[in-house]
Every structure is written in structure tokens, then in C-alpha cells.
Amino acid sequence: VESETLAFNSAISACKKSSAWEKALQLFNVIAQRKVESDKITFGAMISACEKAREWEKALDLCSMMEQNRVELDTIAFSTAISACRQDGKVEMALQLLRVMMRSKVESNTITFSAAISTCEKEGKWEMAFHVFSMMALGEVQLDTIAFSGAISICEKGSRWERAFQLLSAMACCEVEPNWITSSAMISACQKGAQWEKALRVFGAMEPCGMELGAIAFNAAISACEKGGEWKKALHLFSAMARRQLEVGTISFSAVLSACGRGGEWETTIHLLSVMTQS
């Protein structure tokens with residue numbers, strides 16, 4: 001029996017590697033018909049095959065079968081299935097897999113949760129994404145810069161600047177260092193919440209913390225000043241951006257033009273328009 005299992009595992013793995021996903025599914029049906037014992041290698045290869053074939057429900061069924069047959073569930077199988085859901089935006093499916101994983105006490109990691117968070121984020125399900133992050137925080141998964149940055153990015157997209165600041169404070173408590181992605185997302189969250197002072201505070205802390213100030217951070221800070229009606233600060237940031245020889249694109253010009261226009265600085269606006277058309 002063990003030799004048959006090994007033979008089928010080899011055949012399914014070969015199908016997986018050669019992209020013959022339908023053949024792999026056929027082999028799995030043969031295993032069931034012949035009552036050959038399936039192990040975690042069999043199921044892992046099959047779940048991977050389902051991912052490539054975009055057979056999400058089948059992947060979920062296989063995880064349930066593993067649980068019912070008391071086959072050792074592993075992190076790789078679940079991470080693969082959840083990543084598959086992310087590619088096709090299957091939010092509910094990803095969350096179901098995560099629940100099965102936690103119920104089965106399978107060791108979860110940052111990759112697993114990040115895949116589930118990305119699935120929610122991709123579909124604009126900000127509250128769901130934050131719920132997954134909360135599950136991650138309550139579990140035994142170590143929260144790192146990537147996890148926090150992802151959660152802050154969710155807050156930014158969902159216009160939840162207060163929650164973003166709570167997460168930034170939590171990072172400090174957990175002794176997790178932010179990076180430029182974290183800070184850029186924070187600045188954008190403040191910009192959307194019309195919190196220009198807070199946006200500039202985060203922006204101002206970037207270089208002292210060893211972070212490189214790039215075009216993304218500058219654009220977010222300029223946009224925050226524009227939204228707050230602070231045209232002088234927006235113009236100062238725009239000038240600093242040019243001095244650093246950073247690429248000044250449409251986003252930068254549009255934000256600073258809008259800021260100057262709102263401030264009644266028509267001469268400056270016309271001058272900037274002239275520079276924009278020449279560049």
C-alpha cells in the first residue's frame with residue numbers, strides 16, 4: 001500500500017510540474033476509487049494542482065478531507081491554497097481556509113496571514129483585512145515590519161488614519177522598526193484624513209530614522225499639504241524634491257498646482273504650469 005501511495009505521489013507531482021493539472025485531478029480520483037491511502041504529500045501536490053487550475057472550491061474540499069481523514073495538515077498546503085484565492089479574489093474562500101487552519105491548530109506564519117490580508121485588500125474589503133490582522137496579532141505569529149506595513153496600507157486605503165496611528169504606536173511597543181513603505185502609507189492615510197500636520201510629522205521623522213525620502217513619500221506629503229490648504233509647505237516640499245533630483249511627475253505637479261490655486265497664488269500657479277509644459 002505504501003509503495004502505491006509513493007507511486008501515485010510521484011505521478012501527481014510530475015503532473016503538477018508539467019502543468020497537467022487535469023491529469024493530476026484524474027489520478028487523485030483513481031486513488032479514491034482504489035482506496036489507496038493518501039498522505040500529506042498527496043494532498044499537498046493536489047492542492048498545488050488546484051491552485052494552478054484555479055479550482056478554489058476543490059482546494060478547500062481537499063483541506064477539509066485532510067482534516068476528516070486525520071492527515072497531518074501543514075502550513076505549506078494552506079499557504080498555497082490561500083495564495084491561490086488571492087490571485088482570483090476569493091475572499092470568503094481564503095478566510096474559510098484560514099479558519100480551518102486555526103481550528104486544526106496548524107502552525108501559521110506571516111506568509112499565510114499576509115496572503116489572506118492581500119486577498120481582502122485586493123477586493124477592497126478593508127474591515128475584513130483588518131480582522132485578519134487582528135487574528136494574526138492574537139495568535140502566536142510574530143508581527144514584523146511587513147505585517148504592520150500591510151495593515152497600515154489597509155487603513156490608508158480604507159481612510160482610517162486614526163487606526164493607522166494606533167498601529168504605528170503598536171509597532172513601537174513591539175519594537176518593530178518601520179520602513180519607507182510603512183511611513184509612505186502613514187503619510188497617505190493622514191492625507192486622506194486631512195491631517196497634514198501629522199503627515200509632515202511622519203515625513204520629517206523618516207530621514208533621521210535612516211529612511212530614504214523617495215518620490216512616493218514626497219508626493220504623499222505634498223498631497224497632504226494641498227488637502228490642508230498649506231500651499232507654502234507644499235511648494236517647499238516640491239522645491240526640495242527638485243533639489244534632490246527626484247522624478248517630479250504628474251502627481252507632484254497636480255498637488256502643488258492645486259495647493260497654490262487654493263491659496264490664491266495665481267502667479268506661482270502659472271509659473272509652475274509653464275515649468276510643467278516645458279519638462
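In this predicted model, the buried residues of helix α9 are T145, A147, F148, S149, A151, I152, S153, I154, C155 and E156. They make up 10 of the 13 residues of α9, so the helix is largely enclosed by the rest of the structure. Four helices provide the packing partners listed for these buried residues. They are α7 (110–122), α8 (126–138), α10 (161–173) and α11 (180–192).

The helix itself runs over residues 145–157. From its first C-alpha to its last, α9 reaches 18 Å. That span is close to the 18 Å expected for its 13 residues at 1.5 Å a residue. After α9 comes S159, whose phi is positive, near 55 degrees.

I146 lies within α9 but is not among its buried residues. Its relative accessibility is 61%, and I146 therefore counts as exposed, the cut-off being over 50%. The C-alpha atom of I146 is separated by 8.9 Å from that of P178. Along the chain, I146 and P178 are 32 residues apart.

Helix α9 also contributes to the lining of an internal cavity. A search of the whole structure finds 1 cavity of 30 Å³ or more. About 30 Å³ of space lies in the largest cavity. Its lining consists of W126, E127, F130, I154, C155, G158, R160 and R163. Of these, I154 and C155 are also listed among the buried residues of α9. Both α8 and α9 supply at least two lining residues each. The largest share, 3 residues, comes from α8. By class, the lining has 4 nonpolar, 1 polar and 3 charged residues.

Helix α11, one of the packing partners of α9, holds Q191. The relative accessible area of Q191 is 18%; under the 20% cut-off, Q191 is therefore buried. With residues up to four places away in sequence left out, Q191 touches A220, S223, A224 and K227.

Taken together, two residues illustrate the contrast in accessibility. I146 in α9 is exposed at 61%. Q191 in α11 is buried at 18%. Around α9, the buried residues pack against α7, α8, α10 and α11, while α8 and α9 each give at least two residues to the lining of the largest cavity.

Key: Residues are numbered from 1 along each chain as its sequence is written. This is a predicted model: local features need pLDDT of at least 70, side-chain atom pairs count only at pLDDT 80 or more; totals for chains, interfaces and linings use all residues. Side-chain values use heavy atoms; hydrogens and water are left out. Buried means under 20% relative accessible area, exposed over 50%, partly exposed in between (1.4 Å probe, protein chains only). The expected span of a helix is 1.5 Å times one less than its number of residues. Contact means heavy atoms within 4.5 Å. On a 1 Å grid over the protein atoms alone, a cavity is a set of points where a 1.4 Å probe fits but cannot get out, and a pocket is an open set with protein on both sides within 12 Å along at least five of seven lines; lining residues have an atom within 4 Å of a point. Grid points are joined across faces, edges and corners, and a volume is the space filled by probe spheres set on the points. Ala, Val, Leu, Ile, Met, Phe, Trp, Tyr, Cys and Pro count as nonpolar, Asp, Glu, Lys and Arg as charged, and the others, Gly among them, as polar.
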